Amino acid sequence: MSPFIFIIKSIFLFAYDITGNYGISIILLSFSISLLLLPIFILIEKSKKKDNEIKQKMKPLIDEIKRVYKGQERYYYIKTIHRQHNYNSYKALVPILSLLIQIPFFIAAYQFLENFEALKNVSFLFIKDLSLPDSVLGSINILPVIMTIINLITAYFYTKNNDDTSELKQMLVIAIAFLILLFNLPAGLVLYWTMNNFFSFLRLFITNPEVFEKEKQESRKPLKETIKTNLKFIKQTFYILSIILISTQIYWAVNHDFKDIITRILLSILLSFALTVIFLILHINQNKISNIFRKINIDYKIFFSSIFLSVYFYFASILYYENENNQLLLLALLSIIFAQTYAYSIKLRTNKGNTINKLILTIQNIFLVAQFLNIAALISGEIKINIFNILITPSSDLYIKGIVSSGIMYSLSSALIVLNNKKIQIIKNKHNLLIYILAIVYLSGFVFLWNPLNIYSSFPDNFIFPAIEILKHNIYNFIITLLILSLIYIISPTKLKYILTVFILIITSIAFIHNTILPINMGSLQENKYLLSSNLAQPIIRYIAEALLFLLLYFLFSNFYTNKKRNIIITALIILNILSVSEGIYAAINTGRFFKLNNDKLSEEIKQSNKISFSKDKENIIFFISDMFHGWYMNKILKDNPELKEIFSGFNWYPNTCSVSSITCGSMPAIIGGFNYTIDKLNKDTIHNMEDKMTVITKDFFHKIKDKGYRFTSTNMIYSKINKYKFDSYLPAWDKDWNKFNYELRIGESTEMFYTLLWENALFYSSPLLLKPKIYNKGKWINHSDDTKSLRKNTNAAKRYNFLRLLPKISDTKSKTKSFIYIHSMASHHPWDYVDDEGLIHEDVGPYENNKWVINTLAKWIKWMKKNNVYNNTKIVLLSDHGIHWGHFKGKMDTTLPIKNIQRMKSLNLNEGTLKGLFPLLLVKDFNSKGKLKQNMKFMSNADASYIALNKEPFFKEKNRSLPSVIVYWKRKIGKKHKLNIVSNLKIKENVYDINNWTKNTDNITDSAIFHLFKKYSTEPELTLEQKKLELRYQIMANEKWMENVKHQADEKGISVDSMITRTVNYIIRNKK
Amino acid sequence: MTYILLYIDPASTSALLYIIIAIAATLFFSLKGFFYRLKNLLLGKGFIQKNDFEDIDIIFYSEGKQYWRVFWPVIKALEQKGVACAYLTSDNEDPGLKHNSELYSSKYIGNLTMTSVYLNKLKAKFVAMTTPQLDVMMIRRSKNVQHYAHIVHAPIDIFTYRKFAFDYFDSVFCSGPHQIEGIRKLEEKRNTHKKLLLKTGLTYFDVMLEEIKKLPKIEKNNPVVLVAPTWKEYSILNRFGTRFFDNLLKNSNYDVILRPHPQTYVSFPKLIAEIEKKYKDEKRFSIDTKPSGTESMAKADLMISDLSGVIWDFAFLYSKPVLLLKTDFDNIEGFEGSELDYEMWEMRERYRLGQIFDENDIENINNIAQSLINNPKTSTQLEKLRDESIFNFGKAGEVAANQIIDIVNNIKEK
């Protein structure tokens, strides 16, 4: 391309040297290039004329052949005629050749002018900035329009003497293509091309002078006579125009205190006069103009296609995702201009004797008036001539919409005339019905039955109903749809039957393409929304492609019809039907839950390693940490649910408990290890980070328990990297085995919602682009209310709550040894939701409701224990690591505490929030303890928990306990910190509710127990590879974010989550080496 | 905020479905094409074995068994001169396949599609065929054939041939001067190369003359009128029906044989049935449905027809008069005649066959027939027409053989 750029650049800079004006330089550049190419064009024209002669010679022969023969024979004969006349069919491309020659220069100009900084902010005539689109009429650029007009004039003259309209058509297509291509390009470039086209027009005088010769001007009538003969027209027009204009001005004046009213009215009259003159000129030349229009005679197919395109783009623009799309609207405008021009020529040719035609023509005029009003509003609004700023803040797009829609109505009525008058050949055949039925069976079957089955089958565990339920519920829709569509077909007249059949075939193909070949990526469906719903804003080019695809399919199918290829369509439809049915059914059966959920498996043993085993005759200890449970709530909970006192029999509630720290990471070391591991003591070790420290503490805890001969069952121990493979039972956040209980616990999406959503989803994917945003409806779908809250949407993803509900299900009494059960539950942690017995999620219910639910849910587990006779021999320590000191809740978060002397907190470096976090839950039931739940005011700490768990009553004899509370703030990656910043190090005595009992701790720490622990466990043997893998696996599964990631990747790669975890584990292990 | 994630991939029509459909569709649509390609591959290449006709310079190609009579006299003459030739046919029942001789080999080369594959790869010095439109339609010129000849197989003018019938042959073995005239005019008009136009004649006349000679002596009491109409809309049967035969049979002493075109039974079965029913008991009336019309023609003293090709055979082979319905010929658009601006030979010369009648003469048709039987155009008049219109009557095979040998020898010299 560089030589072209060189030429362009040299000419342009030379021109600028001479003129000093970039705009003129562009015109000169265009002129020079045109001059440069002139000899080539003369040659092309010569050869074209020669070709035309040959064509003229061949024409009668070819016409004869075309009259008599068709198909292959015709093709062979025409080929032979070409051969005998030495005519090459490539020569038909010569008119394009003249365009092709200019293209390199155009591209060079593009590359040069595009990057030519100097054009920025340079104005030229009405163009404000040569480096931007001119935007003279708002979103409409005027220069490309001028260019198109020039092109059309050229095309008119160039092909005037040509009987063959194909070249005219070709030039029209090129003109429109360039209008679209250049519409939003910098004005400088468009100016270059516009001038190029202008010079091409001038070139006609040299290469084709004959085209201008024929029509000599008729002698003009003198002006007076013209006025005389048209007096009536002039009067009428003038009156109407001035009335409209003056009334608009008065309307404006009413709203503007009659400012400048005289000037305005005078100007209105003047403008009416000017417009009248314009209309007069049009009126006098009406015949000439209508003759031009009358000549326009394109194939009806193109007319209908352009109407279709405008309708398509119009609705695509209106229904576009989130906002209406202006580019699509513009496309609609372009196609409607084309269609309407032709519609006008139809109007001129219409037989006005026909009553229906007359009626239609009258209606057409109404549309035309509406359109003119919109155009007027657009112009007056956009040019913003102050005087004609008639309507309330004009929005150009609104008017363009009006122009397009009235244009569509206008063209459609013309189409009606065509259909009314033209006898369209309809191939009647009995296959129509068969094809139609096969297609609608496929479509409605796919939407209502088979695709829902497929979706179901890819994620069966998300559904709490067997596959057959989809069929049962949606079959009604399926049949109704079939009936309605069949009825439409049966009552349609024959003409329409054919069109209906073709239409349904197109829809089928589009659905097939959208579903199978090119589905748009909407991401996963979460609840009722797509993850990537913004992808609905598809690029314009896809809309264009789809609109063209529609047309292509139409011609393809109507062609198939006439070419007796119906059998192919029928076979294809049958195959399609069989495949979609069999795929849906096969996939559904493969889930093993076609007729009923596999409840049989419930009786099967789930892995012992994922169970909580109690011993019937030996001791069991439950160590239950309910994260962020607000201890003081117990007071209200017991009042609200007095029956709990009975259920929690043998329990002591210790309201007078202080928390050893304010956050989980601060409390857990002491909760598990005791007071030797408060943060101030751990901070002495700056070599290890919190996770390392937590790991050794939990190891020590684990070994102590194992040493005592307990079976150890545990959830993830937070912040600890302890090897879970060593646990006798590990309880992950959720195990896929537990999905067996989904049905029983009603975990899964709401059923009705899913029957509907499944087919709506299928419909969404099957529908053409322009309807998709409407169907999706911003997640509200076709007829759902906005109130998503009312929908059931509990899935096993809400596992923190469901895990609690699950406890009785995964508990058994098979342990042969003593059993220690460690559970750290996040169910009581912010955000405060819960899942009721119906499986409904109650979102954001606030901490009290949530905490109450936690206790009540645990009560069910306790009932289970009692029922299975393992309650008496079980010690239960139920505690929280800290109270509520932060969290968001829409309602009132009532965490009031009966605190005295709260004003002291500032001297202790505490704020109210942190303070509240220091009142945790502590409930203890010893072995064989009986009687209603008792309140015990003994001063306790949650760091007493491990001691209580592993020792016998009485736990603490000393009367004047002084317990530590080390306040730290949470930070990111807190587990990786070697030292936590202590906000306040406190000692509390006797009564935690009196802040007067709180003092700063000034003890010096000399030795820290944590060092001993590290020493003790430094010689732990290396893990085997298998153990490492297992360890990593548990780590990944315990981490929600990782799991999200893993699921996404599994989604993308189309593999199961399980195997994705395996891959991830292997990947990490490989890369560690 | 709780993220309740429902990981459903909502576009889960599996790729499998797509693949299966793609395969099925491809299979379905391309099965035919594949089948042909395979067949061509296996048979096309495989079946033009290089040694098929390696030493044979002269090859005849016949579209169907009816053309054997055209080729046979030529082949016979070549054999007598000791020149070897081969015969290819697209008709499994072609009698040419049964002919045996040391100097002759034959082959059935399949239907038209297969034929074009075979012929387009043919290797020979000289190929002759009755099929027109070489290199226009399916049958293209093979690079390995030096000379293509068309053998004319009817006395008619070239007007009724489809477009470009002869343009790409090297030579045409013409039956009469009118064909030479037409072809030369087209050559001029189309600026196509000048073909070798040979004065050959009609070879199948040789065969038919032999057949006529062999016919047993015919015994008849009354004169015989043979009605041999075409099957088209304008034919005697369709236009006049039983009215024609009523008039023909009244007040006359001759017998009438109706020999309908076989297509009439297909296109107008009711008409035939009606005639059959009406003259079931008429002893002077009979219908001839035999494949060969030779016997009826030999019997007949007069033929009544409507510009069927058979009138020329009747007039030239038997020298008996023809009573012809006056018809305007079909539209010749799309045929060679559309580019020729003179009257075609058939129309020009039909008056010399006997007499022309039109609709007005139907009531009187018996008298016209009777008078023609009573006062036939002298056979010399018909013989004159014959000699003007047909080259080498009765010995065209011999002439054609010599012409072929000449052509081949000339190629050799090159």
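Which residue takes a positive phi just after helix 27 of chain A? In the predicted model described here, that residue is Gly709(A), with a phi of about 90°. The helix that precedes Gly709(A) is considered below, after an outline of the two chains.

Chain A comprises 1073 residues, of which 51% are buried. Its secondary structure consists of 37 helices and 19 strands. Contacts in chain A between residues separated by 6 or more positions were examined by sequence distance, and 78% of them involve residues 24 or more positions apart. The exposed surface of chain A amounts to about 51,900 Å², with 60% supplied by carbon and sulfur atoms. For chain B, 15 helices and 13 strands were assigned. Of the 414 residues in chain B, 53% are buried. In chain B, 70% of the contacts between residues at least 6 apart in sequence join residues at least 24 apart. Chain B has an accessible surface of about 19,500 Å², and carbon and sulfur atoms account for 52% of that area.

Helix 27 of chain A covers residues 690-707, and its 18 residues should span 26 Å at 1.5 Å a residue; the C-alpha atoms at its ends lie 25 Å apart, which agrees with that expectation. Because 13 of the 18 residues are buried, helix 27 of chain A is largely enclosed by the rest of the structure. At the start of this helix, a side-chain oxygen of Asn689(A) comes to within 3.1 Å of the backbone nitrogen of Glu691(A). Just after the helix, the positive phi of Gly709(A) is found.

A second helix of chain A, helix 35, was examined in the same terms. Its 14 residues, 1025-1038, should span 20 Å at 1.5 Å a residue, and the separation of 20 Å between its end C-alpha atoms agrees with this value. Buried positions in helix 35 of chain A include Glu1031(A), Leu1032(A) and Arg1033(A). Tyr1034(A), Ile1036(A) and Met1037(A) in helix 35 are likewise buried.

Strand pairing was examined for strands 17, 18 and 19 of chain A. Strand 17 (residues 962-968) and strand 18 (residues 982-989) of chain A are antiparallel and are paired over seven bridges. Within this pairing, Val966(A) has Asn985(A) in strand 18 as its bridge partner. Strand 18 is also joined to strand 19 (residues 998-1000) of chain A, again in the antiparallel sense, by three bridges. Here Leu986(A) is partnered by Lys1000(A) of strand 19.

Aromatic pairs number 68 over all chains. One of these, between Tyr320(A) and Tyr543(A), is tilted, with a centre-to-centre distance of 5.6 Å and an angle of 45° between the planes. This pair links distant parts of the chain, the two residues being 223 residues apart: Tyr320(A) lies in the loop between helix 13 (300-318) and helix 14 (326-349) of chain A, and Tyr543(A) lies in helix 20 (residues 540-562) of chain A. Tyr320(A) and Tyr543(A) are both buried. A further pair is formed by Tyr442(A) and Phe446(A), whose ring centres are 5.8 Å apart; the angle between their planes is 35°, so this pair is tilted. Tyr442(A) and Phe446(A) are both located in helix 17 (residues 431-458) of chain A and are four residues apart, about one turn of the helix. In general, an α-helix has 3.6 residues a turn, so residues three or four places apart point the same way. Tyr442(A) is buried, since its relative accessible area is 3%, and Phe446(A) counts as buried at 3% relative accessibility.

Ring pairs also give rise to a cluster in chain A, whose members include Phe701(A), Phe702(A), Tyr710(A) and Phe712(A). Also among the linked residues are Phe623(A), Phe727(A), Tyr730(A), Phe820(A) and Tyr822(A).

In chain B, the surroundings of Ser90(B) were examined. Ser90(B) is located in the loop between strand 2 (85-89) and strand 3 (104-108) of chain B. With a relative accessibility of 17%, Ser90(B) falls under the 20% limit and therefore counts as buried. Its side chain makes polar contacts with the side chain of Tyr61(B) at 2.6 Å and with the side chain of Thr115(B) at 2.8 Å. When residues up to four places away in sequence are not counted, Ser90(B) touches Tyr61(B), Ser62(B), Glu63(B), Tyr108(B), Ile109(B), Gly110(B) and Thr115(B).

Key. Residues are numbered from 1 along each chain as its sequence is written. Chains are lettered from A and ligands numbered from 1 in the order in which they are written. This is a predicted model: local features need pLDDT of at least 70, side-chain atom pairs count only at pLDDT 80 or more; totals for chains, interfaces and linings use all residues. Side-chain values use heavy atoms; hydrogens and water are left out. Buried means under 20% relative accessible area, exposed over 50%, partly exposed in between (1.4 Å probe, protein chains only). Contact means heavy atoms within 4.5 Å. Accessible areas come from the Shrake-Rupley method with a 1.4 Å probe; for residues, only the protein chains shown count as cover. The expected span of a helix is 1.5 Å times one less than its number of residues. A polar contact is a pair of N or O atoms within 3.5 Å; within protein, one must be able to donate a hydrogen and the other to accept it, and residues adjacent in sequence count only if both atoms are side-chain atoms. Two strands pair if DSSP finds at least two bridges between them. Rings of Phe, Tyr and Trp (its six-membered ring) pair if their centres lie within 6.5 Å; planes under 30 degrees apart count as stacked, over 60 as edge-to-face and the rest as tilted.
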